[in-house]
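Trainee: I am new to this structure and should be grateful for a close look at a single part. Please then relate what you describe to the chain around it.

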Amino acid sequence: MSGSASREIDPAFTNLPYRSLGEAALGRAAELGVDHADFRFERVRYQDLAVRDGVLQNASDREDLGFAVRVVHRGSWGFASGVVLTPEEAVRVAETAVSVAQVAAQMTSDPIELAPEPVHHATWISAYDVDPFAVPVAEKAAVLVDWTDRLRGGAAVDHAAAFLEQVLENKYYADLTGTRTTQQRVRLHPGFQAMGTAGDTFDSMASIAPPVGRGWEYVAGGSDPDGSWDWDGEVAQVPELLAEKLAAPSVEAGSYDLVVHPSNLWLTIHESIGHATELDRALGYEANYAGTSFATYDQLGTLRYGTPVMHVTGDRTHPHGLATIGYDDEGVQTQSWDIVRDGILVGYQLDRAMARMKPELNPLDGEGRSNGCAYADSPGHVPIQRMANVSLQPAPDGPSTEELIGRVERGIYVVGDKSWSIDMQRFNFQFTGQRFYRIQDGELAGQVRDVAYQATTTDFWGSMEAVGGPQTWQLGGAFNCGKAQPGQVASVSHGCPSALFRDVRILNTVSEAGH
Amino acid sequence: MSTSHSSRAGRGPTPQAFVEHAIAASGADACLVVVRDRSSANLRWANNTLTTNGVMHAVSVTVISLVRIAGGIASGSASGAASSTAQVTALVAAADAAARASSPAEDAAGLAGDVVSADWDDPPVPTDVHVYDAFAPALGEAFGRARSADRVLYGFVNHEVTTTYLGSSTGLRLRYVQPTGHYGCTGKTADLAQSAWVGGATRDFADVDPLALDAELAQRLGWGARRVELPAGRYDTILPPTAVADLMIDAYWSAGARVAWEGESVYSRRPSGTRIGERVARPGTHLWSDPAYPGLACTPFVVATASSNTSSVFDNGLPLHRTDWIRDGELNALVQTRHSAAMTGQPVTPAIDNLVLGVDGVEGTTLDDLVAGTERGLLLTCLWYIREVDPQSLLLTGLTRDGVYLVENGEITGAVNNFRFNESPVDLLSRWTHASATVPSFSREWGEDYFSRTATPALRVPDFNMSSVSQAL
């Protein structure tokens, strides 16, 4: 294994002049009489590798570097960003942000106010062992090439692809109240896919390994036995799984009981709970783009989201979550809290503006406090309310996945995510998966093909009869959650156990395509 | 207009200076440099008030180094924000090192060379918040008008100008200025029970009137005075140009030649081969891209910062011309790099940043004509959350959004609930029965972030698969 353990802020970042730029920008904003100003300096490194059929197709490095000034002035937001790292440019960008706020004030009828936050001086680094950027590209590419070579050894596999996405994110935040935070985090998303044909049928089988807030040890192994994935085992297994899938019968559409593995259920949680409990959506601020939410604020404390076994938390502190960080992009210390308890809606995800509007949600000293969900994906974008790690909790003494399957007379076991779609109020959704097994009299009875499950959010969670125990709980997630205008991308994790759902609508996707 | 390449009034070196510096600094056997100067300004509103806004400026530099190694030519690339030549020097070093550590590129090919844009020396073209000097006050007036009429407006406008400079050690010096703008506004009744949307693309906002948008939203919300609940099923459905754009972009993005050749797409003839030459649409149906299409002009040469199944860094600078993807109902071309073209034995037809769908014999026909000719059916507004379900049929799922209207005896008679659909856009091209003339359109799903330059007709499809009802309003 190459690379070295790295748990200090990258000197290449700390050598940059962010402190002086921040003081210049904030000083100028204060001179112009703003009510609030914050300065955010970011360097985000990306490296993507792609291999197809044993050949490295792409190895590219990208770095976003720059800073942003955001002000509240005359009751309006003003935002501007720049890339020239001089005090003069920081002052100019601050002046631009103020002038934008002056334009915006003409069209703002509800003055912007922010929930207070204690002053923080902190340095925070995420939990990882090996900085993936310290590992030679050739070493990482060799792993991907090896995966595709081994996958193509399977009789059913015509082609194989593998990829590795890596991110190293550094942020410095400062505001007029005095908060100064410097942070660093790493995230990693490796994966592969095998493709094959049988007659005129094409299909694929992909890795179900989730993206993680870990370093290269996730691939190469490390001291934490839970910190790496069994890549060799999965690479060996996938060709046979693909062969079985290509030969599997097409599902008969109808109503089935489902046992859903965490590798699939995380995405259903993301779409039907995570986005639905973003307060900005519930209050209409995403209505023109990502949409609103059926979980409107007037239903807080009364909306029956699902059965009493449903307990969902928001958490930006889980050690390896993709949305985990110490302080958010508004200088708020991150937290964990309940969103759904005993099946009832009890919480939302907040930023400082939202927290100020609904102070009863997260009170601190008699005022509302953000629960730390502001995030911007680059120095060129304004922070918005983004998703915490939203997770379904296991039952403390809950059953194993096999025991859940054992409770099903006629059903389907769903593993791995694939296609996903949900409406703009988070009612109606449709998901597919990597593989679907028929359950007959409590036992798996081989794969079936062409399956999608379709439901309405509260019907689906209202049909959840049981959740598995802690031994079934896994942390899934995504690198590419989109939201806002201009569009931004965020990474987020979702933990969940296996779970049992009764009477869910199953579609046959071949029939859906017919006419 | 010419300018010095060395500096710009305290804002750092010019893009051209970055290009020349990178090429001079590179120790690779060949080098490509892409500099993008991008400025943008946006306004966002909700609940009849402005919510966020921003003015951004960024300069990004991508250096692609090519080196001869045992077995062929390897490439490596590095990209980053740049405001100094020192930053570019670091990118060159990273790209050179990446290339030397890489393996031979399967798409290796000779670079284009010795082509210089007449405007190469010109500076980047900026935009700023003043692009809304006329729009912003009118938007404020629209807020007031909507508030007084119990409507709520939510929307977003964005204008950006990207000036791209592509240089190479083989003599490419190409420049292109791409203005991109779009607007979208959702209107709701005060009780949030009805919703409507209007949106489109623009190059300069001179043609966008917020008061006119509000008036159109008011008309559409008026159609919702009568509410009709309909079950899932197959409906005679009129897809307006924006919804057709939503679907055709997916059809285009799935048209990579390599994956088709290798059996993995709707355009495959399995186990190996493509459907080029096969009928995939009704006769008279044409799908094409053309960088010179009026109103949708886009970069007329290849700019590729990374290689993939549908792009090759070695193809940078190749000229782009009109490419017919579907000609008179037959699949005529797929998205080809030189590498995939050699694999498939087809002409080189790289991706182009616009898309046009046209139908013969419908000149002068409008969306209103399609409505007038429909006895009973649905008129959609736009589609949302479109995702691929099955690549071999290109089955897509998604939802209707912000206005499904019932058409009876040629007139709109009410608003219908939303639906989830399951359909293949390629299949729709064989099933449509009526079409309007092609007009500028804008995909609500993909236009804002990825692909805004489309022109499409409205299409009427007799048996559009509304798989289930969506309760969303």
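Mentor: S18(A) and S19(A) form a hairpin with two residues between them, and Asp441(A), in the turn, has a positive phi of about 50°. Helices and strands here are DSSP runs (H or I over at least four residues for a helix, E over at least two for a strand), numbered from the N terminus. Residues count from 1 along each chain as its sequence is written, while chains are lettered from A and ligands numbered from 1 in the order in which they are written. The model is predicted, with local features requiring pLDDT of at least 70, side-chain atom pairs counting only at pLDDT 80 or more, and totals for chains, interfaces and linings using all residues; side-chain values use heavy atoms, without hydrogens or water.

S18(A) spans residues 428-440, and its partner in this hairpin, S19(A), spans residues 443-448. The two run antiparallel and are joined by four bridges; strands are said to pair if DSSP finds at least two bridges between them. Gln440(A) lies opposite Glu443(A) of S19(A).

S18(A) also pairs with S17(A), residues 410-422, in the antiparallel sense over ten bridges. Here Val415(A) has Arg435(A) of S18(A) as its bridge partner. S17(A) and S18(A) likewise make a hairpin, with five residues between the strands, and in it Arg426(A) adopts a positive phi near 70°.

A further antiparallel pairing, over four bridges, links S18(A) with S20(A), residues 451-456. There Gln430(A) faces Gln454(A) of S20(A). As for covering, eleven of the 13 residues of S18(A) are buried, where buried means under 20% relative accessible area, exposed over 50%, and partly exposed in between (1.4 Å probe, protein chains only).

Turning to the chain around this strand, chain A meets chain B in a contact (heavy atoms within 4.5 Å) that takes 78 residues from chain A and 88 residues from chain B. Together the two chains bury about 6,900 Å², 49% of it on carbon and sulfur atoms; this area is the accessible area (1.4 Å probe) lost on putting the two parts together, summed over both. Of the area that chain A buries against chain B, 11% comes from Met107(A), Asn288(A) and Met424(A), more than from any other three residues.
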